[in-house]
2 protein chains.
Amino acid sequence: MLKRIHHVGIVVSKLDDAYRFWRDALGLPVTKEATIEDQGVRAALLKIGDSEIELLEPLNPENGIGKFLAKRGGGLHHVCFETDDVARELDAAKQKAIPLIDQAPRKGLAGMICFLHPKATRGVLVEYAQPLDEH
Amino acid sequence: MLKRIHHVGIVVSKLDDAYRFWRDALGLPVTKEATIEDQGVRAALLKIGDSEIELLEPLNPENGIGKFLAKRGGGLHHVCFETDDVARELDAAKQKAIPLIDQAPRKGLAGMICFLHPKATRGVLVEYAQPLDEH
């Protein structure tokens with residue numbers, strides 16, 4: 001079962017420029033910033049209630065985030081729903097024949113994650129995330 | 001102060017088609033469906049935790065939602081943050097010289113609302129909403 005909106009992913013040209021609006025003007029606190037080499041992004045999470053805004057800066061213009069930036073100039077990229085069992089959600093999606101990007105959960109900034117294919121929803125990229133305990 | 005993600009707005013071709021994914025496959029319950037004549041949309045809200053997914057079907061191809069659908073084939077359209085005083089948030093935005101679409105709060109599906117201009121954020125349309133009591 002999907003519990004809440006975990007985050008909304010937004011592609012930006014530069015994190016530092018994006019902070020001027022999301023952190024400084026809107027007042028959302030940055031809770032995490034990390035480079036995710038295998039996804040080719042520098043990412044930041046900003047807290048809003050029980051959810052987050054995820055800012056994604058591509059590290060090169062050739063990956064998916066880089067191409068999105070080049071094509072659209074940045075903007076809303078995906079919506080991520082939290083679950084307490086991402087593997088179970090993925091199995092349920094398979095049983096419903098929902099097109100997938102990931103056939104198995106993998107580690108991402110939000111924990112164990114997977115992406116459904118945007119053709120499932122006519123253009124909306126949907127992510128599932130199961131946060132990992134951070135003690 | 002912004003309290004939470006109130007909803008994520010998604011443009012769709014037909015609500016009934018979109019329900020097959022968002023309601024039937026993902027299991028999100030529809031909590032409201034309404035025609036908003038002055039915005040030229042048929043809209044639905046689907047509950048996810050303390051937030052909602054807002055599906056927007058244009059009533060004609062000439063308005064903003066209709067043009068978005070024609071240009072992009074639908075998809076993520078805006079993100080809405082809840083506040084308990086939308087007029088105060090709007091004043092704060094004006095003082096920070098954030099470009100606006102609405103100069104004053106107006107009534108929308110989510111209560112009293114206003115939109116910031118996407119040029120404020122390099123392409124992300126941001127809405128503020130103050131839900132109205134519904135007794």
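Trainee: By what turn, and with what shift along the axis, can chain A be laid on chain B?

Mentor: Before we read anything, remember that this is a predicted model, in which local features need pLDDT of at least 70 and side-chain atom pairs count only at pLDDT 80 or more, while totals for chains, interfaces and linings use all residues. Residues are numbered from 1 along each chain as its sequence is written, chains are lettered from A and ligands numbered from 1 in the order in which they are written, and side-chain values use heavy atoms, leaving out hydrogens and water. Copies are superposed by least squares on the C-alpha atoms of residues with pLDDT of at least 70 in both. Here a turn of 180° with a shift of 0.0 Å along the axis lays chain A on chain B, and the RMSD is 0.0 Å. The two copies are therefore related as by a two-fold rotation axis. The residue of chain A that comes closest to this axis is L76(A), whose C-alpha lies at 3.1 Å. Both copies use the same surface, since 100% of the contact residues of chain A (contact: heavy atoms within 4.5 Å) recur in chain B.

Trainee: Which residues of helix α1 of chain A are buried?

Mentor: An α-helix has 3.6 residues a turn, so residues three or four places apart point the same way. In α1 (residues 15-25) of chain A, the buried residues (under 20% relative accessible area, 1.4 Å probe, protein chains only) are L15(A), A18(A), Y19(A), F21(A), W22(A) and A25(A). Helices (H or I, at least four residues) and strands (E, at least two) are DSSP runs, numbered from the N terminus. The buried residues of α1(A) pack against β1, β2, β3 and β4 of chain A, and also against β5 and β8 of chain B. After α1(A) comes G27(A), which has a positive phi near 85°.

Trainee: Is H6(B) buried or exposed?

Mentor: H6(B), which sits in strand β1 (residues 4-11) of chain B, counts as buried because its relative accessibility is 6%. Its C-alpha atom is 7.9 Å from that of V79(B), although the two residues are 73 apart along the chain. Beyond its neighbours within four places in sequence, H6(B) is in contact with several residues, including S51(B), C80(B) and P131(B). The side chains of H6(B) and H7(B) are joined by a polar contact of 2.9 Å; such a contact is a pair of N or O atoms within 3.5 Å, one able to donate a hydrogen and the other to accept it, and residues adjacent in sequence count only if both atoms are side-chain atoms.

Trainee: With which side chain does the side chain of T83(B) make a polar contact?

Mentor: The partner is the side chain of E89(B), at 3.2 Å. T83(B) belongs to the loop between β5 and α3 (86-95) of chain B, and T83(B) is buried, with a relative accessible area of 1%. Leaving out residues up to four places away in sequence, T83(B) also touches others, among them M1(B), Y128(B) and P131(B).

Trainee: Which element gives the most to the lining of the largest pocket?

Mentor: That element is α2(B), which supplies six residues. By class, the lining has 15 nonpolar, ten polar and nine charged residues, where Ala, Val, Leu, Ile, Met, Phe, Trp, Tyr, Cys and Pro count as nonpolar, Asp, Glu, Lys and Arg as charged, and the others, Gly among them, as polar. A pocket is an open set of points on a 1 Å grid over the protein atoms alone where a 1.4 Å probe fits, with protein on both sides within 12 Å along at least five of seven lines, and lining residues have an atom within 4 Å of a point. In the second largest pocket, α2(A) gives the most to the lining, with five residues.

Methods:
Buried < 20%, exposed > 50% of the residue type's maximum accessible area, 1.4 Å probe, protein only.
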